[in-house]
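Reader: I should be grateful for a close look at a single part of this structure. Please set out the overall fold before turning to the detail, and give the cut-offs behind each term.

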Amino acid sequence: MEKKVTLAHGAGGKQTAELIQEVFAAHFSNPEFTADDAAVLDLGNGKIAMSTDGFIVSPYKFNGGNIGKLSICGTVNDLSCMGARPRYLTCSFIIEEGFPLSELEEIAASMEKTAKEAGVKIVAGDTKVAGSGQVDHIFITTTGIGTLTEGFSTSGAYAKPGDAILVTGDIGRHGCTILLARENLGIEADIKSDCAPLWGTVESLIRETKEIHVIRDATRGGVGTVLYEIAAESNVGMRLDSAAIPVDPAVRGVCGMLGLDPLYLANEGTLVVIAPREQAEGLLSVLKQGTYSANAAIIGEITDTMPGKVVVTTEIGSETLLPQPGGELLPRIC
């Protein structure tokens, strides 16, 4: 039977990794091809980071933002994770016939505002209009270029036993926001997406120390998926303290009712940071002072046991293996 692309291939879990490895990496592989959030490119007279991302979020407006704000934050944050100051963006729009111009202008204004906050310029773009029913309202793709911080280098392959694992904020808010906006669940909860541009957060960390091994944007698939990706790339184990993981009470309540794990809900304003243990408290102190990182926490450590696995210490002191991400992760956010 012929294999076909499924929704699970776009969910950010195991099937997404297999699709990238078996199809795209197999045909596009070159020394610069990367599993990180952005490619680092040496132009001879300096290094840049380059990243691209597509956005098909439904609904395109949600509490805390819209697809326009999301498209800027997503690419800005991917560049930032490599220690690159975002400089320039291009954007591509695929718009469904009949889409209200007033809504399009609202999205463009949101992009303008977010780009200004992030310190980037939108310098080029492309627009296509698809027939009614061929597109779910509007899709946006953004591509960004940033300049690398001298003497700073991160990668998912750099995590080392003894390192501390931090998150820059509470987890799962974006995924939960989209779920409540999309599904007729009859649940009322005051939850707002964490969608935000995070170069300022990363820059403050770099000012504190350049001894940071990994920074990752925990978007599709959430923190759990990101940790499994890093564990595989670095061939290390991970141990998390469930009591230390910051989760908004409203998000925890919704997850409890629906049987979801906040570790696998998407974030658009929270990073995973892995750094030497002796640097962790200083980094946490810096994060606590940030605009978008007041809820930062140290949530675990890198180990040399069970490489490729993530173990969670429960609140009663027992240990359990965090299930590996697979299938279509819910809620689907792009």
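**Strand β2 in its setting**

Author: The protein chain contains eight helices and 14 strands, where helices (H or I, at least four residues) and strands (E, at least two) are DSSP runs numbered from the N terminus. This is a predicted model, in which local features need pLDDT of at least 70 and side-chain atom pairs count only at pLDDT 80 or more, while totals for chains, interfaces and linings use all residues. Residues are numbered from 1 along each chain as its sequence is written, and side-chain values use heavy atoms, with hydrogens and water left out.

The overall dimensions come before the strand. For 334 residues, a compact globule would have a radius of gyration near 20 Å, and the 19 Å of the protein chain agrees with this; the radius is taken over C-alpha atoms, and the globule rule is 2.2 Å times the number of residues to the power 0.38. Along the principal axes, the C-alpha atoms fill a box of roughly 55 × 55 × 50 Å. Of the 334 residues, 49% are buried, a term for a relative accessible area under 20%, with exposed meaning over 50% and partly exposed in between (1.4 Å probe, protein chains only). Among contacts (heavy atoms within 4.5 Å) with a separation of 6 or more, 83% join residues 24 or more positions apart.

The part chosen for close inspection is β2, which spans residues 47-55. Two of its residues, Ile 48 and Gly 54, show its surroundings. Ile 48 is buried, at 14% relative accessible area. Leaving out residues up to four places away in sequence, Ile 48 touches Ala 39, Val 40, Leu 41 and Leu 43, and also Ile 145, Gly 146 and Leu 148. The C-alpha atom of Ile 48 lies 4.6 Å from that of Thr 147, although 99 residues separate the two along the chain.

Gly 54, by contrast, is partly exposed, with a relative accessibility of 40%. Beyond its neighbours within four places in sequence, Gly 54 is in contact with Ile 140 and Thr 141. The C-alpha atoms of Gly 54 and Ser 92, which are 38 residues apart along the chain, are 9.0 Å from each other.

Strand β7 covers residues 138-148, and the listed partners of β2 include Ile 145, Gly 146 and Leu 148 for Ile 48 and Ile 140 and Thr 141 for Gly 54. The loop between β6 (121-130) and β7 holds His 137. His 137 has a positive phi of about 70° although it is not a glycine, and this residue is partly exposed, at 35% relative accessible area.

The loop between β2 and β3 contains Pro 59. The peptide bond leading from Ser 58 to Pro 59 is cis, with omega near 5°. Strand β3 (61-62) is in turn one of the elements against which the buried residues of α4 pack, the others being α2 (67-80) and α7 (249-258). Helix α4 (residues 173-182) is mostly covered, with seven of its ten residues buried; among them are His 174, Cys 176, Ile 178 and Leu 180.
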